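Please work through the exercises below with the sequence and the 3D structure at hand. Each task is followed by a solution in steps.

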Amino acid sequence: IEMAADGNPPVQHRLSFSHRAFQITFGSIFLGKVPFHEEVHRCAGQIYGYKGCIRDFQVNHKELFIIDEALEGRNVENCNVPICDYHPCHNGGTCISDEENWYCECPKLYTGKLCQFATCDENPCGNGATCFPKSRRDVVCLCPYGRSGILCSDAINITQASFSGTDVFGYTSFLAYSTIPNITFYYEFRLKFQLANHDSALQDNLIFFTGQKGQGLNGDDFLELGLRNGRVVYSYNLGSGTATIISKPLDLTLNIHIIHLGRNLQKGWLKVDDQKNKTVTSPGRLVGLNVFSQFYLGGYREYTPELLPKGPRFKNGFQGCIFDVQVRTSLSQGFKSPGTPEGHPNSGRSVGQCKDSPCSLIKCRNGGKCIETGSTVYCDCLSGWKGAFCTETVSVCEPEHDPPHLCQQGSTCVPLPGGYTCHCPLGTTGTYCEQG
């Protein structure tokens with residue numbers, strides 16, 4: 001007999017029999033308690049009922065769906081472990097929850113669903129852009145849908161959306177559409193995409209997602225499409241297990257790839273380019289997809305993979321262009337673009353127009369390099385320079401100066417024509433106020 005609990009090494013117990021042991025046939029398996037009418041072997045002693053939650057149950061490498069496959073039961077309720085028990089908040093954030101909702105109360109200078117992003121002291125960005133501190137004095141403006149430029153002041157018309165994946169600040173470019181109605185029992189999607197010209201665009205990238213609460217728990221219904229290791233991965237969960245279809249490797253000689261996928265009750269299918277149609281049937285008995293989040297294209301508003309349901313969690317957003325996205329939820333209706341009005345997203349971030357380069361309009365000075373992520377653009381300055389276009393020198397007393405000044409903490413650095421001096425607080429002396 002062998003048993004292992006948590007991450008501890010397994011514990012073994014061995015018995016030797018002097019006589020031959022015969023095959024034993026067991027009766028039903030009971031979870032939680034044995035009913036009073038069932039006879040219990042005297043060697044088992046008294047059996048008490050279990051109080052708590054049991055999530056996954058597997059026998060001989062076969063997962064048994066606790067509710068769907070049970071023959072009978074009594075007094076069993078749905079188990080919702082409070083999300084705050086998972087301690088999801090970063091950077092000293094405090095998790096606050098009730099039975100339905102939760103949020104992270106972030107300390108100053110942090111924002112995001114999990115307090116995972118830094119914020120700006122003073123926000124010069126316009127039109128609802130996300131401000132991110134590039135340094136203590138310089139910021140980057142992550143532009144909302146339909147805007148571009150250093151401060152997101154330029155309007156752009158987007159007909160074919162260009163996504164840049166996850167940027168160096170941890171944000172992803174995305175579009176968010178209204179929840180797609182009547183998707184429960186039947187849907188079909190068609191879309192085209194063009195990959196960015198580098199290997200990372202094929203490795204682990206989300207194309208679209210819609211789901212339930214976004215807590216990353218097992219059992220959440222979801223619909224997800226992405227790329228992994230050069231193949232298209234299509235997954236959905238109706239509440240009783242995940243169904244997944246993986247295509248053959250993409251033909252990278254094709255400039256544009258075409259995807260057609262769908263689902264009718266438990267059965268799903270995927271068609272990629274000229275590859276053969278592939279099908280799958282979801283496990284369990286459930287047949288309806290219940291999702292009430294928005295439909296996300298190219299990325300996710302708070303792109304921390306732990307907020308996506310367990311399954312094929314894609315680490316990055318899409319890199320390239322996605323266009324001609326269409327959906328229908330009945331065989332009797334035609335395909336149409338998602339969104340209300342049709343084809344119009346509710347929101348988005350760092351999404352540009354395919355084949356346009358915002359850096360073509362930006363001139364960084366003094367050796368600075370223009371960086372673009374979708375519609376977001378900024379100048380990456382060489383050491384010694386700062387400002388939106390790298391036109392300002394970094395003072396020897398500023399934190400960004402390389403090498404940093406040597407004035408001790410509590411003293412004041414004062415720049416001079418040939419260097420700097422340190423003004424010492426009461427009780428210290430020395431060139432750098434290092435002596436008591």
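The following exercises treat the overall form, the aromatic pairs and the annotated domains of this structure.

The model is predicted: local features need pLDDT of at least 70, side-chain atom pairs count only at pLDDT 80 or more, and totals for chains, interfaces and linings use all residues. Residues are numbered from 1 along each chain as its sequence is written, and side-chain values use heavy atoms, with hydrogens and water left out.

**Exercise 1. Describe the overall form of the protein chain.**

Step 1. Consider the secondary structure: the chain has zero helices and 33 strands. Helices (H or I, at least four residues) and strands (E, at least two) are DSSP runs, numbered from the N terminus.

Step 2. Compare the radius of gyration with the globule rule. The protein chain has 29 Å, whereas a compact globule of 436 residues would have a value near 22 Å. The radius is taken over C-alpha atoms, and the rule is 2.2 Å times the number of residues to the power 0.38.

Step 3. Consider the box: along the principal axes, the C-alpha atoms fill roughly 95 × 70 × 40 Å.

**Exercise 2. Classify the ring pair of Phe132 and Tyr171, and state what it ties together.**

Step 1. Recall the rule: rings of Phe, Tyr and Trp (its six-membered ring) pair if their centres lie within 6.5 Å; planes under 30 degrees apart count as stacked, over 60 as edge-to-face and the rest as tilted. The structure holds 13 such pairs.

Step 2. Apply the rule: the centres of Phe132 and Tyr171 are 6.2 Å apart and the planes stand at 90°, so the pair is edge-to-face.

Step 3. Locate the residues. Phe132 lies in strand β9 (residues 130-133) and Tyr171 in the loop between β13 (161-164) and β14 (174-177), so the pair ties together parts that are 39 residues apart in sequence.

Step 4. Judge burial (buried: under 20% relative accessible area; exposed: over 50%; partly exposed: in between; 1.4 Å probe, protein chains only). Phe132, at 12% relative accessibility, is buried, and Tyr171, at 4%, is buried as well.

**Exercise 3. Treat Phe208 and Phe295 likewise.**

Step 1. Their aromatic pair is tilted, with 5.0 Å between centres and 45° between planes.

Step 2. Phe208 belongs to strand β16 (residues 204-211) and Phe295 to strand β23 (residues 295-297), 87 residues apart.

Step 3. Both Phe208 and Phe295 are buried.

Step 4. Ring pairs join these two with Tyr177, Tyr187 and Phe189 in a cluster.

**Exercise 4. Which residues does UniProt list for "domain: EGF-like"?**

Step 1. The unreviewed entry lists residues 80-116, 117-153, 355-391 and 393-434. UniProt positions are given in the numbering used here, feature names are shortened, and annotations may be inferred rather than shown by experiment.

Step 2. Residues 355-391 are 0% helix and 32% strand, with end C-alpha atoms 29 Å apart.
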